[in-house]
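The exercises below ask you to work through a protein model step by step. Please keep the sequence and the coordinates at hand while reading the solutions.

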Amino acid sequence: MSPPAEVAFHLLLTGRVLPMLDGFDELPEHRRAAALRQIGETLRGSRPFVLAGREPEYRRHVSDQLDFERTEIRLRPLGDATVRAYLSPGPAPTRWTPVLDRIAGRSAAPPEVRRLRQVLSVPLMVGLARVAYARADADPSELLAPDAFRSRADIESHLYDAFLDTVYSSSYDIQAAHGGWSPQQARAWIGFLAAQMKAENEQDFAWWRLDRAVPRLVSGLVMAPALLVGWLSVAGLAFGLPWWRQWLPLPSMAGAYAMLCGLAFLAQAAAPAAGRHVPPRRLHRPRRGDVRGAFVPWRDRGLAVLAALTIGATVTAVVRRDGPVFLCLWLSGVVVWWYGRRALRHVWRDADPARADSPAALLRTDRRSVLGVGWFAPLRLGGDATPLRHVLHLPPMLLLAWQSNGGGRDVVTVRDWVLMAVATPVCWLLFAFGSSAWGGFTTARLYFRATGRLPWRLLPFLEDAHARGVLRQAGGVYRFRHIELRNRLALGVPAEAGARSRTAPARVRRALAAALAVAVSGGQLVVGSGAVVGERVPGPVRSLPTACALLDAADVARLMRDPVQVAADDGASCSAGEQAPFSRNVSLGVSWDLLAGDGIGVSGTEWAHARYGQLRAGAPNFEEDVPAWGFHRDLSGLGHEAYLSVWRGSGGSSYRVEASRTARVGVRVGNAVVQFDYSEEFASSDRVADIAQILVRTALRRAGLAGTRPREGDPKPLTRGATVPAVDRPLSSVTPPPPVPAGDNRLAYYNRRATGSVRGATWRGDERSYVWELSGVHFVFRAPKQMDCESASGGPGSYTCTAVPDAVEAGLLPDLRLEIRSELCGAYCSDQETAAFLRTVPDNATTPWTKHNEATYHTAGVVGDGRYRMAMKRYWAWRYKDSGAQQAHLMWARVEVPSGHRVLAQKIVNDMYAQTGADEIVLVG
């Protein structure tokens, strides 16, 4: 079937239709000559046509030398009998009878009579006069008042106003049937439409072109819902940081997509076309011939076979989960786009306004077409579509590219695809609405209703104007009853309201639109590359709470009297420990690691499996399972794979002497590896093992990893044979700990009754601290627990202890440095032994020592950088009660803290002084 325009042109050239060209005088002055020349060239020869217009404009442009024959017909004024039959029908006299009698005579008449006779010789004026004076209180004799009107134009203006006042009066009988508009509102609204049509030099009011009078930025807001849905679909995906994060302040894919949407929005607003020029559309049911004709060429038949094979291969690959699944999906997407676009051209067609029953029916047709097939709007878009089309297809393509070639292989789930499958059609439907005639008309209605220039129910208002005789209907458009009526209504509207203002020349707008279009096209490549080349995201476990959030506060309180937690900066590890100085030491630590795949062949789960294997192989007792030292077991029923390792000793400094047992549980769930350490002083191996398993199970539950099943194809658990079921019971069911032994441990060695001070403060009761016992140091002392101690030069009893940085950041203790030198002499310390010992003491010769007694010297003061330093050196001894034998010792200690924490340094040094006997020899049993 040929296009309607070609059919109409063929009928015109073959003489089967007679063109009626009305409104020649209504064309702009500068266009009339060109229009007449085009008519002459098109209808050259013996092709007849009718050209209608006012005589002055016609004579000004149509000369006698025109190269086509013509017959000129001049319309004559109405006769008296015709006017009388229309205004005063029937034999009975009416209000019009005196007026018609006065203008009927042809003898000399006063000026007012001659003016009225000229006005009523025009059919339009007679029709207006009949309506204007139809009211019972209206008297047409006022038209003959001597001083009422000075010219014919005054009478015509009066008739226009009287006509409008009558049809929009509150007593007009059709008022209640069409919305109940007030006369003042209706006159203002219809005047605005008249001004718009006059400014655009249009006779027909086409509702789908009303958005041309809306500012560009405002008209573009109709696309905001579609862009918002598209942005939400991208923001809902856990993309990794893109490659451009080092150069652009856009840390996420969602931010880049939002900027791309903004560029596309500006490109549409800067487009040089005045409005979108989108005609109403309709749904067309394809005929059998349309379907058959689409596959007549052999090329189309071959492409159809190739498309069927591609889709079949895709279905097979997806079902079997084997082969190039993503490649097949890409090819299938191209096939669907290609054939869907061709099919949509046959189904979604432009509607013919001339064949519409009414403008409202044409709007309903366009609305049904948008709701019916608007879900597939991108398939229909052509090269002249809005620039926003560039961002429509990106969300599903980003998801597919991210899963197939980027770092989303382990992250993308069925849920992501379901949400994308819902969001994408909704986004496209909203875009179809925004780019349709219906959407443009809705935006214009909202804008003009907000500015008070048009009613929200615009079409019912126009139907009302049609019923009142102000407008005429021609198919899907309205036009004013006469061009002069339009012009008269437009006089009351300010000139600036009649047309859209232009802020920049057309050349500048075109250049700006082209630059923005290039930016949008480049932005697509940048955003698309961000999904392929970027940070690898861990999956299937995407994120975990901070490590401290995995600890149950009630469980920690059950295990410790005075617990305190310390978290790492990255939140991936956390430790908690007992701070009551004379309670058994209990400490626990939890850490996790999330691993991402390489996006090519190794998944995050496989990397986590390898990492788990390293931790398992590096756990104590993995190679030598000695019961006296501890044991190593592989567990079942805990995560996807888990191990348990128990050993003798604590998780703290290796130089700290402490009768502790430690249990470590490592668990892998997908791509997440969780490791939990639990250490308790004076506890059995079974107790620490049970508690560690219970706490790690709680951690998995708080992390949302409990009950997670392995995916198909995940690595098999590592085992050395049989596995042991993991403990699964509450913490309250664990056997209580045994009492603290009465001797041979750090707590038994500490003398809580010992007192003494060389300078300043001492420890109070159960003030938070820890009783330290270091290997090779023959006394115990209280100091903050969060310290790392390392062996120093000077002998086996030499140590340097520093505060743990994470604990300093947490505010548990200041930036502390403790140095200790201790040496056993024998029954007494000779001068040579004392001199040799002092040579190992840092800065001994330059330190301004203060003598406390014959065996003790100390010093204290502020040193550089606002640090406070306190040191002590002394000779001390213990004596056995039973034998009287004596052991002599030399010791030196120095504590350095920020000057605001000098009390802590004093407490540590004074406690060492007290625990080494102060002014007396220590007696031991």
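**Exercise 1.** Determine how many bridges join strand 19 to strand 20 and in which direction the two strands run.

Solution. In this predicted model, strand 19 is joined to strand 20 (residues 817–826) by five bridges, and the two run antiparallel. To fix the register, take Ser798, whose bridge partner in strand 20 is Arg821. Next, turn to the pairing of strand 19 with strand 18 (residues 787–791), where five bridges are again found and the strands run antiparallel. Here Asp788 stands opposite Thr802 of strand 19. Strand 18 and strand 19 form a hairpin with six residues between them, and in the turn Gly794 has a positive phi of about 130°. As general background, the strands of a sheet pair through backbone hydrogen bonds, in either a parallel or an antiparallel manner.

**Exercise 2.** Decide whether strand 19 is largely enclosed or open, and then examine the surroundings of Glu819.

Solution. Begin with the count for strand 19 (residues 798–803): five of its six residues are buried, so the strand is largely enclosed by the rest of the structure. Then move to Glu819, which lies in strand 20. Its relative accessible area is 8%, and because the cut-off for buried is under 20%, Glu819 counts as buried. Finally, list its contacts: leaving aside residues up to four places away in sequence, Glu819 touches Tyr799, Thr800, Pro842, Trp892, Ala893 and Arg894.

**Exercise 3.** Describe the geometry with which helix 7 and helix 8 pack, and classify the residues that meet there.

Solution. Two packed helices are described by the angle between their axes and the distance between the axes. For helix 7 (residues 123–132) and helix 8 (residues 152–167), the axes come within 8 Å and cross at roughly 45°. That angle makes helix 7 oblique to helix 8, and the crossing in which helix 7 passes helix 8 is left-handed. On the side of helix 7, the residues in contact are Leu124, Met125, Leu128, Ala129, Val131 and Ala132, and they meet Glu156, Leu159, Tyr160, Ala162, Phe163, Thr166 and Val167 of helix 8. Sorted by character, the residues of this contact divide into eleven nonpolar, one polar and one charged.

**Exercise 4.** Find which residues of helix 7 are buried and what covers them.

Solution. Helix 7 is mostly covered, since seven of its ten residues are buried. These are Leu124, Met125, Val126, Gly127, Leu128, Ala129 and Ala132. Among the elements that cover them are helix 4 (80–87), helix 5 (96–104), helix 6 (111–119) and helix 8.

**Exercise 5.** Work out the strand order of the open sheet of eight strands and name its edge strands.

Solution. The order of the open sheet is 8-9-10-14-13-12-11-15, and its pairing is mixed. The edge strands are strand 8 (563–567) and strand 15 (724–725), each of which pairs on one side only. Within the order, strand 13 (residues 660–669) and strand 14 (residues 672–681) run antiparallel and are joined by ten bridges; Gly666, for example, has Gln675 of strand 14 as its bridge partner.

**Exercise 6.** Place these details in the context of the whole protein chain.

Solution. The protein chain has 31 helices and 25 strands, and 46% of its 925 residues count as buried. Of the contacts with a separation of 6 or more, 68% are between residues 24 or more positions apart.

Key:
Residues numbered from 1 in each chain as written. Predicted model: local features only at pLDDT ≥ 70, side-chain atom pairs only at ≥ 80, totals over all residues. Heavy atoms only, no water. Axes fitted to C-alpha atoms, helices over the stretch in contact; angles between N-to-C directions. Helix = DSSP H or I, 4+ residues; strand = E, 2+ residues; numbered from the N terminus. Parallel < 35°, antiparallel > 145°, perpendicular 65-115°, else oblique. Left-handed = near helix turned anticlockwise from the far one by under 90°. Contact = heavy atoms within 4.5 Å. Nonpolar A, V, L, I, M, F, W, Y, C, P; charged D, E, K, R; others polar. Pairing = 2+ DSSP bridges. Buried < 20%, exposed > 50% of the residue type's maximum accessible area, 1.4 Å probe, protein only.
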